[in-house]
Amino acid sequence: MNKQMVAIIGGAVAGSEATYQLTERGIRCVVIEQNDLPYGKIEDGLPKWHAKQRQKEMDLIDSRINHELVDFVPRTKIGKDVSFSELYGLGWSAILLANGAWKDRPFPIKEIDEFEGSGFYYQNPFVYWFNHYKESKYSGEQITITDNPIVVGGGLASIDVAKILQLELVVMALKERGISVDVVEMEHKGIQKTLDAHELTWDDLGLQGCNLLYRRDVTNMPLASIPPDATPEKEQAIRNTRQKILKKAVDKYLFRFQDHRQPVGILVENNKLVGLRMIETDVIDRKAVAVKGTEHDVRGSMIISSIGSIPEPIDGIPMQWSWYDINSEETGEVNQLERVFGMGNVVTGKGNIRISRKHAREVANYVAENHLPEAGVDVEAIQKKVKEWQTRVGYDGNYSNWANAHSRE
Ligand SMILES: Cc1cc2nc3c(=O)[nH]c(=O)nc-3n(C[C@H](O)[C@H](O)[C@H](O)COP(=O)(O)OP(=O)(O)OC[C@H]3O[C@@H](n4cnc5c(N)ncnc54)[C@H](O)[C@@H]3O)c2cc1C
């Protein structure tokens, strides 16, 4: 096994699970991570109120990367700091793409791009801001939350975005009344109960709050997945669950929700984005179909697009539409490239830790059992290159020291 060396791009849930499966078999791994630390969406996606779960997942990732058979290469983005062709040319036993889905699906109205960062925001940078803006070292984009924001989307993440907006708006409104509340505490308790405790009502705050707009109807919202072999009864039960999930979130966080509508244009006044032109929809065969003549304006002070995430294209990795060109989801095998496999969110597209981990486990074991070159690879030549990459970013090979020095507050 010492003749084998596997490159893993991205060290978060999927990458660290693959690392674990391979090192358990005695296979050396090199984990190449664009950030200082390999926590991915655990740190930058999952909203910060999941504090316990976040810590548990980060500890698990650390324990798997901090292993004698693993070389970690931080601050190295494949496709930018090291090209995919340079990586591929080193002749690894296998390359595993565990780099997640970090590109927001483009908003259907192209003209909105002009307002990105000033009135229009995509979900990934928006949640990143929410998770980190209170840290003393935060130097990223600053976002100002204003009342009557619009969220376009429909998955669990879009509910989280609506919650973030509501929580931030209520914190500000209570602050104006001299009441200080913590966002995380209010998330646990709910906005309604927090207001009750201060003998206030939603109307007292004078807020319009967030407006979540969804293109189909609530029973088609991807809030709980329907297995392909579900009986009609089971399917109906899951559709009812979706309604319950949404109702619970609306009751607890008091945001507005409108289904059956999709954007067809933007509203701009004095060079400022002031809302969206929407059209009503019918749901036919689970697809949203616009109803002619139902166009109407929905005004909003800011717009957040939460319509899904896709992998970032990397030069040299073939694409099939918005996704890497994968031969089968089961094996993660990438077409046209030898011994390159996708795993986790990069393939499943599901914003779910458990699903990412399971997929990574299955693909890593499949690769270990079926695809490692019998004769092995030139481990020394690869290690020489890896050392060069590590030196370039100032990483001395001691993961614990590095993690302590670079962990966030
Ligand atoms: C708002 C929100 C709420 C969520 N809530 C939940 C929830 O309640 N429950 C749940 O189970 N899941 C939730 N998720 C989803 C969950 O966090 C992710 O699905 C899961 O963490 C994905 O793991 P992954 O390892 O596949 O991908 P990622 O976590 O995206 O990991 C990819 C890694 O690759 C690195 N990388 C990317 N590109 C490169 C490159 N070119 N070169 C080198 N490194 C690279 C990244 O920095 C990252 O470390 C939520 C997600 C969001 C956004």
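**Exercise 1. Classify Arg361 by accessibility, then describe its salt bridge with Glu17.**

Solution. Start with exposure. Arg361 has 35% relative accessibility, so it counts as partly exposed. The classes use a 1.4 Å probe and protein chains only: buried is under 20% relative accessible area, exposed is over 50%, and partly exposed lies in between. Glu17, at 2% relative accessibility, is buried.

A note on the model: it is predicted, local features need pLDDT of at least 70, side-chain atom pairs count only at pLDDT 80 or more, and totals for chains, interfaces and linings use all residues. Residues are numbered from 1 along each chain as its sequence is written, and side-chain values use heavy atoms, with hydrogens and water left out.

Next, the bridge. The side chains of Arg361 and Glu17 form a salt bridge at 3.2 Å, N to O. The term requires a side-chain nitrogen of Lys or Arg within 4 Å of a carboxyl oxygen of Asp or Glu. Arg361 sits in helix H12 (residues 353–370) and Glu17 in helix H1 (residues 13–24), so the bridge ties together parts 344 residues apart in sequence. Helices (H or I, at least four residues) and strands (E, at least two) are DSSP runs, numbered from the N terminus.

**Exercise 2. Place two further salt bridges, Arg75 with Asp36 and Lys385 with Glu86.**

Solution. Begin with the total: the structure holds 23 salt bridges. Arg75 and Asp36 meet through their side chains at 2.5 Å, N to O. Arg75 is in the loop between strand E3 (70–73) and helix H4 (84–89), and Asp36 is in the loop between strand E2 (28–32) and H2, so this pair ties together parts 39 residues apart in sequence. Arg75 is partly exposed at 35% relative accessibility. Asp36 is also partly exposed, at 25%.

Now take Lys385 and Glu86. Their closest N and O atoms are 3.3 Å apart. Lys385 lies in helix H13 (residues 379–393) and Glu86 in helix H4; 299 residues separate them. Glu86 is partly exposed, at 31% relative accessible area.

Finish with the network. Salt bridges with shared partners join Glu17, Glu57, Arg64, Arg357 and Arg361.

**Exercise 3. Describe how domain 1 meets domain 2.**

Solution. Set the bounds. Domain 1 covers 5–102 + 311–406, and domain 2 covers 103–309. These bounds come from an automatic or database domain assignment. The C-alpha centres of the two domains are 32 Å apart.

Count the contacts. Here 15 residues of domain 1 touch 19 residues of domain 2, where contact means heavy atoms within 4.5 Å.

Take the area. The domains bury about 1500 Å² between them, 57% of it on carbon and sulfur atoms. Buried area is the accessible area (1.4 Å probe) that two parts lose on being put together, summed over both. Asp44, Lys48 and Trp49 supply 52% of the area that domain 1 buries against domain 2, more than any other three residues.

Check the pairings. There are zero salt bridges between the domains.

**Exercise 4. Locate Glu43 and list its contacts outside its sequence neighbourhood.**

Solution. Glu43 is in helix H2. Its relative accessible area is 9%, so it is buried. Leaving aside neighbours within four places in sequence, Glu43 contacts Arg54, Met58, Asn131, His132 and Arg408.
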